Amino acid sequence: MEKNLYMDVNKNWFKDKINTFLENDQSNKMIRLDGSYIFEPNVLVGIVSGDDPIYIKYKEIIGDFHLTPSEAYEWYCKKQNKENSTQELSVIAYILPINQRTKDENFTYSKEMPSERWAHTRLFGEQANMKLQTYLVEQLAKLEIDAFAPALDNNLFKINRTIWASNWSHRHSCFAAGLGTFGLSDGFINPRGKAMRCGSIIINLKLPSDAKNRASDPYEYCNYCGDCIIRCPVNAISFENRHDKIVCSKHVMGTIPYIQKNYGINIYACGLCQVAVSCSDGIPKK
Ligand code: SF4
Ligand code: SF4
């Protein structure tokens, strides 16, 4: 490989690619509503080495089923019949901030059900997020850099719906890449705010890691204001038990008929604990 093919690939390259995608791709528009952005083209990007020991720790914290970047990439190489070299891997993680109008609407609309814009963000925004991962992989392929998006591979990516955990967690890669920390509600607090969606891909190129920005406490940015406790309509958050995923998921899945009936799309959503709280738009003051 000629070095000049990939020497410009760095954090800013990813930021530019993602922001340009969000500005121009129709998938990031509220096409059935007012055509505005689903995600603001003002993203955060972080990088972590594929061999960072935090991924071994995640096997203890999340479960043995959570893949290390090497495991995911080895799986991809086997499937593609490619030579397998996991020495140079980096994980690129990013934060897609939700449109302010959507956040405002999800606050004012109801104390129990998500607003229409929020439901569209959950459905069409996630489709945009998936398309973005494919786009990044394709852009890298043009530079002869191999890349893989584990969450897009239906044969690899699994969600354990008993404990609501997946074998590749974008948010945990965001934490590993120093982009933010978790909060009491399990949301991911970062400089663009907890109201976001995120993504990550694995690339076969060693880039400088942002692990130095990683907080030592996984909940460091949470100020324990309790706003999210008040916002949750089903008491799924408390200081004592933190976030009860089972209670939360029951409510979230229960929104499907409401969303179908009122907005005509087939999705679940909630996010009431992500708006009008002290960490909605950034890292809250302590
Ligand atoms: S609303 Fe307050 S308690 Fe809840 S996650 Fe945000 S900072 Fe933490
Ligand atoms: S997503 Fe909804 S149900 Fe779940 S914790 Fe947040 S407010 Fe509660």
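I'm counting a residue as near a ligand if one of its heavy atoms lies within 4 Å of it. I'm also keeping in mind that this is a predicted model.

**Ligand 1**

I looked up the shell with that cut-off. Ligand 1 has 14 residues around it, and Cys-222, Asn-223, Cys-225, Cys-228 and Cys-279 come nearest. I sorted the shell by type and got eight nonpolar, four polar and two charged residues. I then checked where the ligand is placed: ligand 1 sits in the largest cavity.

**Ligand 2**

Next I listed the surroundings of ligand 2. The cysteines there are Cys-232, Cys-248, Cys-270 and Cys-273, and the histidines are His-243 and His-251. The rest of the list is Pro-233, Val-234, Ile-237, Gly-271 and Leu-272. By type, this shell has eight nonpolar residues, three polar and no charged.

**Helix 5**

I picked two residues here. Asn-106 belongs to helix 5, which runs over residues 100-108. Is Asn-106 buried or exposed? I noted it as buried, because its relative accessibility is 0% and the cut-off for buried is under 20%. Leaving out neighbours within four places in sequence, I found Asn-106 in contact with Pro-114, Ser-115, Trp-118, Arg-231, Cys-270, Gly-271, Leu-272 and Val-275. Cys-270, Gly-271 and Leu-272 also turn up in my list around ligand 2. I took one distance as well: the C-alpha atoms of Asn-106 and Ile-189 are 18 Å apart, with their positions 83 residues apart along the chain.

Lys-103 is in helix 5 too. I had to look twice at this lysine, but at 7% relative accessibility Lys-103 counts as buried. Which residues does Lys-103 touch, not counting those up to four places away in sequence? I got Ile-98, Trp-118, Arg-192, Ala-195, Val-275, Ser-280 and Asp-281. Trp-118 and Val-275 are on the contact list of Asn-106 as well.

**Nonpolar cores**

In soluble globular proteins, nonpolar side chains tend to be buried together. I went looking for that here. The largest nonpolar core has 38 residues, and Phe-14, Ile-18, Leu-140 and Ile-203 have the most contacts inside it. Two or more residues each come from helix 2 (11-24), strand 1 (44-49), strand 2, helix 6 (116-142), strand 8 (196-203) and helix 10 (256-263). Helix 6 gives the largest share, seven residues.

I followed Ile-18 further. Beyond its neighbours within four places in sequence, Ile-18 is in contact with Val-43, Val-45, Tyr-94, Leu-96, Leu-132 and Leu-136. There is another core apart from this one, with 31 residues, including Leu-44, Ile-54, Cys-77 and Leu-89.

**Positive phi**

I flagged two residues other than glycine with a positive phi. Asn-81 has phi near 60° and is in the loop between helix 4 (69-80) and strand 2 (90-97). Asp-186 has phi near 75° and is in the loop between strand 6 (181-182) and strand 7 (188-189). How do the two stand on burial? Asn-81 counts as exposed because its relative accessibility is 74%, whereas Asp-186, at 17%, counts as buried.

**Strand 9**

Last stop was Ser-238, in strand 9 (residues 237-238). I put Ser-238 down as buried, because its relative accessibility is 17%. Not counting residues up to four places away in sequence, Ser-238 touches Leu-184 and Ile-229.

Methods. Residues are numbered from 1 along each chain as its sequence is written. Chains are lettered from A and ligands numbered from 1 in the order in which they are written. This is a predicted model: local features need pLDDT of at least 70, side-chain atom pairs count only at pLDDT 80 or more; totals for chains, interfaces and linings use all residues. Side-chain values use heavy atoms; hydrogens and water are left out. Helices (H or I, at least four residues) and strands (E, at least two) are DSSP runs, numbered from the N terminus. Buried means under 20% relative accessible area, exposed over 50%, partly exposed in between (1.4 Å probe, protein chains only). A nonpolar core is a set of buried Ala, Val, Leu, Ile, Met, Phe, Trp, Tyr and Cys residues joined through side-chain atoms within 4.5 Å. Contact means heavy atoms within 4.5 Å. On a 1 Å grid over the protein atoms alone, a cavity is a set of points where a 1.4 Å probe fits but cannot get out, and a pocket is an open set with protein on both sides within 12 Å along at least five of seven lines; lining residues have an atom within 4 Å of a point. A molecule sits in a cavity or pocket if more than half of its atoms lie within 2 Å of its grid points. Ala, Val, Leu, Ile, Met, Phe, Trp, Tyr, Cys and Pro count as nonpolar, Asp, Glu, Lys and Arg as charged, and the others, Gly among them, as polar.
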